[in-house]
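Here are my comments on the model you sent round. Please read them with the sequence and the structure open.

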Amino acid sequence: MKRRLLAAVTAALMVLCLCACGTENGTNAEEQPVTGTCTISVDDFCDDMKIDIHEGDTVYDVLVATGAELETSDTGSGTAIDAINGIENGSEGPMSGWMYEVNDETPMDYCDKHEVSDGDDIEWDFSDGM
């Protein structure tokens, strides 16, 4: 009887621990209140997709929410997008690669550092480097 009780308590504690493993504060993004909506377009993937955003979300978070297949690398300063859906930087010449704009402006920071706001329009374009 004691073993069963101990097993039940242990199982309950494991479930509680797993439920608290969402983000740093113990909540999952789905539990955070939606603070707005962004529109995102990605070359050869989606046009004007609406994505709900949460406080602190970045351009990277919105890109991930599209479901696109991403290859990334950590530069030490931020997350670089190396490929989207198999289209890799450098695949059409040494200067080709993925670039993003927010509201028709090119931010000078990595996509995981640029926070989004309600109504932002994000565009990811693959540049052939001219």
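The points below go through the sheet, strand β7, the aromatic pairs and Val34.

1. Basis. This is a predicted model, in which local features need pLDDT of at least 70 and side-chain atom pairs count only at pLDDT 80 or more, while totals for chains, interfaces and linings use all residues. Residues are numbered from 1 along each chain as its sequence is written, and side-chain values use heavy atoms, with hydrogens and water left out.

2. The sheet. Four strands make up an open, mixed sheet, ordered β2-β1-β7-β6. Its edge strands, each paired on one side only, are β2 (46–54) and β6. Direction ignored, neighbouring strands are turned by 25° against each other on average; axes here are lines fitted to C-alpha atoms, for helices over the stretch in contact, and angles run from 0 to 180 degrees between N-to-C directions. Strands (E, at least two residues) are DSSP runs numbered from the N terminus, and two of them pair if DSSP finds at least two bridges between them.

3. Pairing of β7. Strand β1 (residues 34–42) runs parallel to β7 and is joined to β7 by four bridges; Ile40 has Ile122 as its bridge partner. With β6 (residues 97–102) the pairing is antiparallel, over six bridges. There, Trp98 stands opposite Phe126 and Met99 opposite Asp125.

4. Faces of β7. In a regular strand the side chains alternate between the two faces of the sheet. In β7 (residues 121–127), Ile122, Trp124 and Phe126 form the covered face, whereas Asp121, Glu123, Asp125 and Ser127 form the uncovered one.

5. Aromatic pairs. There are two in the structure; rings of Phe, Tyr and Trp (its six-membered ring) pair if their centres lie within 6.5 Å, and planes under 30 degrees apart count as stacked, over 60 as edge-to-face and the rest as tilted. Trp98 and Phe126 are edge-to-face, because their planes stand at 70°, with the centres 5.3 Å apart. Trp98 and Phe126 are both buried (under 20% relative accessible area, 1.4 Å probe, protein chains only; exposed is over 50%, partly exposed in between). The pair of Tyr100 and Trp124 is tilted, at 5.1 Å centre to centre and 35° between the planes. Tyr100 is in β6 and Trp124 in β7, so this pair ties together parts 24 residues apart in sequence. Tyr100 and Trp124 are also both buried.

6. Val34. This residue of β1 is partly exposed, at 48% relative accessible area. Beyond its neighbours within four places in sequence, Val34 is in contact (heavy atoms within 4.5 Å) with Asp52, Ile53 and His54. The C-alpha atoms of Val34 and His54 are 4.9 Å apart, with their positions 20 residues apart along the chain.
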